[in-house]
Number of protein chains: 2
Amino acid sequence: MSGEQELGITESKEHSPGEWYAEVVQKAGLADYAPMGGFIVTKPRGYAVWERIQNHLDGWFKETGVQNSYFPMFIPESFLEREKDIVEGFDPEVAWVTHGGHEELEERLAVRPTSESIIAPFMADWTRSHRDLPLRLNQWCSVVRWEATETKPFFRTKEFLWQEGHTAHTDEDGAWDETMTRLEQYKRLYEEVMAMPVMEGRKPEHDKFPGAHTTTTVEALMPDGKSVQGGTSHYLGTSFAEAFDITYADENEEDNVAHTTSWGLSWRAMGALIMTHSDDQGLVLPPAVAPTQVVIVPIWQEDTKDEVQEYAADLAVDLEDAGVRVELDDRDHRNPGFKYNEHELNGVPLRVEVGPHEVEDDEATLVHRPDGETETVSREGIGDTASEHLDTVHAKLYASAEETLEGEIREADSREEILGTIGQHGGYVKCGWCGDEDCEDPIKDAIAAEIVMVPLDRDEEPVHDECAICGDDAEETAYFAKSY
Amino acid sequence: MSGEQELGITESKEHSPGEWYAEVVQKAGLADYAPMGGFIVTKPRGYAVWERIQNHLDGWFKETGVQNSYFPMFIPESFLEREKDIVEGFDPEVAWVTHGGHEELEERLAVRPTSESIIAPFMADWTRSHRDLPLRLNQWCSVVRWEATETKPFFRTKEFLWQEGHTAHTDEDGAWDETMTRLEQYKRLYEEVMAMPVMEGRKPEHDKFPGAHTTTTVEALMPDGKSVQGGTSHYLGTSFAEAFDITYADENEEDNVAHTTSWGLSWRAMGALIMTHSDDQGLVLPPAVAPTQVVIVPIWQEDTKDEVQEYAADLAVDLEDAGVRVELDDRDHRNPGFKYNEHELNGVPLRVEVGPHEVEDDEATLVHRPDGETETVSREGIGDTASEHLDTVHAKLYASAEETLEGEIREADSREEILGTIGQHGGYVKCGWCGDEDCEDPIKDAIAAEIVMVPLDRDEEPVHDECAICGDDAEETAYFAKSY
């Protein structure tokens, strides 16, 4: 990132969103492509954003009874097969370890694609009495899925970082509460930390996590009109508990099968964040996840250099004392214009400009990213003032994303209308649906849109009485969208 | 952990340290054995200790300019070969991924045994100008080494958790400072967080990290008289930078080769911690890493139950408000004696007992783990009082380990004396050494002790003028010990 020529984003978010995204990710120092297709290197700025996402979520998990743990990254083939036996449709494409050192292994080991099959036997072992429940485990780790698709950093990579939670409960109510608690925490993460509105829903029956009773999801709309599955929380019923023998003695010493859940959020959340807020100047980050929240750029001529630099340095101390993550950009070999561009590219939410005028009037000029709104404020109380401006930046980002989302949920009551509406606008189209997967196919085949969710509430009346595709009685409302 | 019969540690630390260690690890809920030999499951209490180690170290890293990042867990075979070509003696036993999904891969991928060979090419790519240096990267991850040895949780496992730091600098001074900064942080971790004294030193030339200029180490003495390599920090000179082309343009636009370092600390630190402090009652944890620092056990009869429980609950609030990690054990179905045993097994540093007497006198009775020292203190200011007692517990643990270490460093000036001293006492034996690996062999062959370190300062006068083994001039002091 040392040459001037590299600073500018050359692609357009509106006209070439795929290329634009790839360019922002690389030029803003979030990730690089690894030499093996499908793998990326997460660079410091990208990892720092992920750490903030982790910290928020991990704190909420712990406040609500979750314990972190760590299970082996390898799963014996026979364990995966066991899951395959019980879960129809489970046939993950995985990376296989066949040799250790110079020896061939007796049994192949899968690099974990998800850890149900290695965690569940231990949950069974650790669960004896009703007093051992609820058991709430989580791990932050990387997983590998050998899907042969084009690499898109944080969206489509063979290895990705995530958390996976696995819990066991005495009954359905407990497990269902758990499922919803995690879904609400994912929603909160998007809204409060990432400044993104999301919709909560269920996956249709044919698109549930294999073996799950119910898969709930938070869906986020991207600016190109596609939906991103932003996190999923599964109520697994008793299917995994039965298969893996997760049982407990109740208060009468009688044996019962536990009810389990699992829930996960990956670094795809970070991809959705980048795609939602960033622009043709580069990365835009909500203050809660920005590694640097405020950058101070001093503007001086030779005769004002000392006083401006001293003033800027004092300001940095004040901001730091106020708990703001601040950087003083006092590089001599760069002019202010270059610095503005660089910090815009890197997604610093608030720029503080100080020159001789600010010094004289005991003030500071604040500039918001991304809209450039500028205000000159008093130096006194700069910590509180900066915090308020950061809140404003968050609110503006959220409002903008919310406005986009609200305009992009449309209704349709025929196959043609679904196709035409999504074809023309993208976004979500809701319609009556009979519940049959066959009625998704014509939409999928024609424009690669699918049912990304149905309402959480199973008793909610469908938006129309009839299925928009087959005309039979509608069972529920389907939300069609193209998706990542 | 639900049956009473499981609480007691049956093995003896003194007489069967290996079995005792395995029993403490399992019964105190730190780890379980995975179904594949060489792998373990880190249970919540174990992982919570690891998280506290991580948090301390990660905080210090960030304060001193280190940026976290994440590199792929797989390394193409050709990349590892490249390291093999430049680094004599580098032939890691690794796990090989040969298949992805149903396809055989064109090139085998190693599950990372350490990441120099995948990180260095990116450091080369990101380093152009002297302004890009120092570049300080770290990642927290798991690595796999396919060594066929008996599994010992946290000490010997095929997969283990660690951090690996990789840095590049313009010159030797910068890189050497870095090497020592990290070594000092490891020492600080042991002393201030884990209550363990360590010795700093260098590995002898023949036992350096392959390709390193200097390997520095912190060594900790275990109660069974063996040394543990507690963390290593390598000054790599320019060898990796030359091989991977990590060069930079200096202020005159001339090309220079960078100097690099790497440094790592694994969950073996946690193993050393468990082994050092724990006893025949179970786990002993220094307060800084204990997930629960204080447990409150209310002691009541039916007629005093309400007042005692209320008092205990208020006490818990006070302690929590004071920033103490406190647990109120108000289980009805367990008696105080059972609770004492369980919390001792689980390594809670401070127990607070409250019964009718304490309620009446507005007091609380504090009991230290491990020595059982008991003091009844005033309820007023209980937060500060508990914190002071936790500091005392830390100090006692440190003093005890320090006393052990000090008595276990002996001198010898002949082969027979080295053999006899280590054979009889274990611990460290320091002696004059000519610097030749051949003089280590007879000790190694006879009693499996080796030179675990030499002094950091290359100019330090050897403890004796002559090599204790061959009688030639001594170049330096060798510290012989058996080691993990």
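Helix H5 (residues 172-193) of chain A lies across six strands of its own chain: S7, S8 (159-169), S9, S10 (214-221), S11 (227-237) and S14 (259-266). Against S14(A), the helix runs at about 10°. Please keep in mind that this is a predicted model. From here, let's look at the sheet, the H5 helix of the other chain, a hairpin further along chain A, the salt bridges and the way the two chains are related.

**The sheet in chain A**

- Seven strands make up an open sheet with mixed pairing, in the order S3-S7-S8-S14-S11-S10-S9 (chain A).
- Which strands stand at the edges? They are S3 (67-68) and S9 (199-202) of chain A; each has a single partner strand, so one side of each is left without a neighbour in the sheet.
- The edge strand S3(A) pairs with S7 (residues 135-144) of chain A in the parallel sense, over 2 bridges.
- Within that pairing, A:Gln67 is found opposite A:Leu137 of S7(A).
- As a general point, side chains in a regular strand alternate between the two faces of the sheet.

**Helix H5 in chain B**

- H5 of chain B covers residues 172-193, which is 22 residues, and spans 31 Å from its first C-alpha to its last. That is close to the 32 Å expected at 1.5 Å a residue.
- Its buried residues include charged and polar names such as B:Glu178, B:Arg182 and B:Gln185, along with B:Leu183, B:Tyr186, B:Leu189 and B:Val193.
- In general, an α-helix has 3.6 residues a turn, so residues three or four places apart point the same way.
- After H5(B) comes B:Ala195, which has a positive phi near 55°.

**Strands S17, S18 and S19 of chain A**

- Is strand S18 (residues 363-368) of chain A enclosed or open? Of its 6 residues, 5 are buried, so the strand is largely enclosed by the rest of the structure.
- S18(A) runs antiparallel to S17 (residues 350-354) of chain A, and 4 bridges join them. Here A:Glu353 has A:Thr365 as its bridge partner.
- S18(A) also pairs with S19 (residues 374-378) of chain A, in the antiparallel sense and over 5 bridges. In this case A:Leu366 is partnered by A:Glu375.
- The hairpin of S18(A) and S19(A) has 5 residues between the strands, and A:Gly372 takes a positive phi near 75° there.

**Salt bridges**

- Over all chains, the structure holds 48 salt bridges.
- One of them joins the side chains of A:Arg351 and A:Glu353, at 2.8 Å from N to O. Both partners are buried: A:Arg351 has a relative accessible area of 11%, and A:Glu353 has 14%.
- Another links A:Glu408 with A:Arg410, at 3.1 Å from N to O. A:Glu408 is buried at 18% relative accessible area, and A:Arg410 counts as buried at 19%.
- A network of salt bridges with shared partners joins A:Asp329, A:Arg331, A:Lys339 and A:Glu342.
- In chain B, the side chains of B:Glu408 and B:Arg410 form a salt bridge of 3.0 Å, N to O. B:Glu408 is buried, at 18% relative accessible area.

**How the two chains are related**

- A turn of 180° and a shift of 0.0 Å along the axis lay chain B on chain A with an RMSD of 0.0 Å. The two copies are thus related as by a two-fold rotation axis.
- Which C-alpha of chain B is nearest the axis? It belongs to B:Val97, at 2.1 Å.
- The same surface serves both copies, as 100% of the contact residues of chain B recur in chain A.

How values were computed. Residues numbered from 1 in each chain as written. Chains lettered and ligands numbered in written order. Predicted model: local features only at pLDDT ≥ 70, side-chain atom pairs only at ≥ 80, totals over all residues. Heavy atoms only, no water. Least-squares fit on C-alpha atoms with pLDDT ≥ 70 in both. Contact = heavy atoms within 4.5 Å. Expected span 1.5 Å × (residues − 1). Buried < 20%, exposed > 50% of the residue type's maximum accessible area, 1.4 Å probe, protein only. Pairing = 2+ DSSP bridges. Axes fitted to C-alpha atoms, helices over the stretch in contact; angles between N-to-C directions. Salt bridge = Lys/Arg side-chain N within 4 Å of Asp/Glu carboxyl O.
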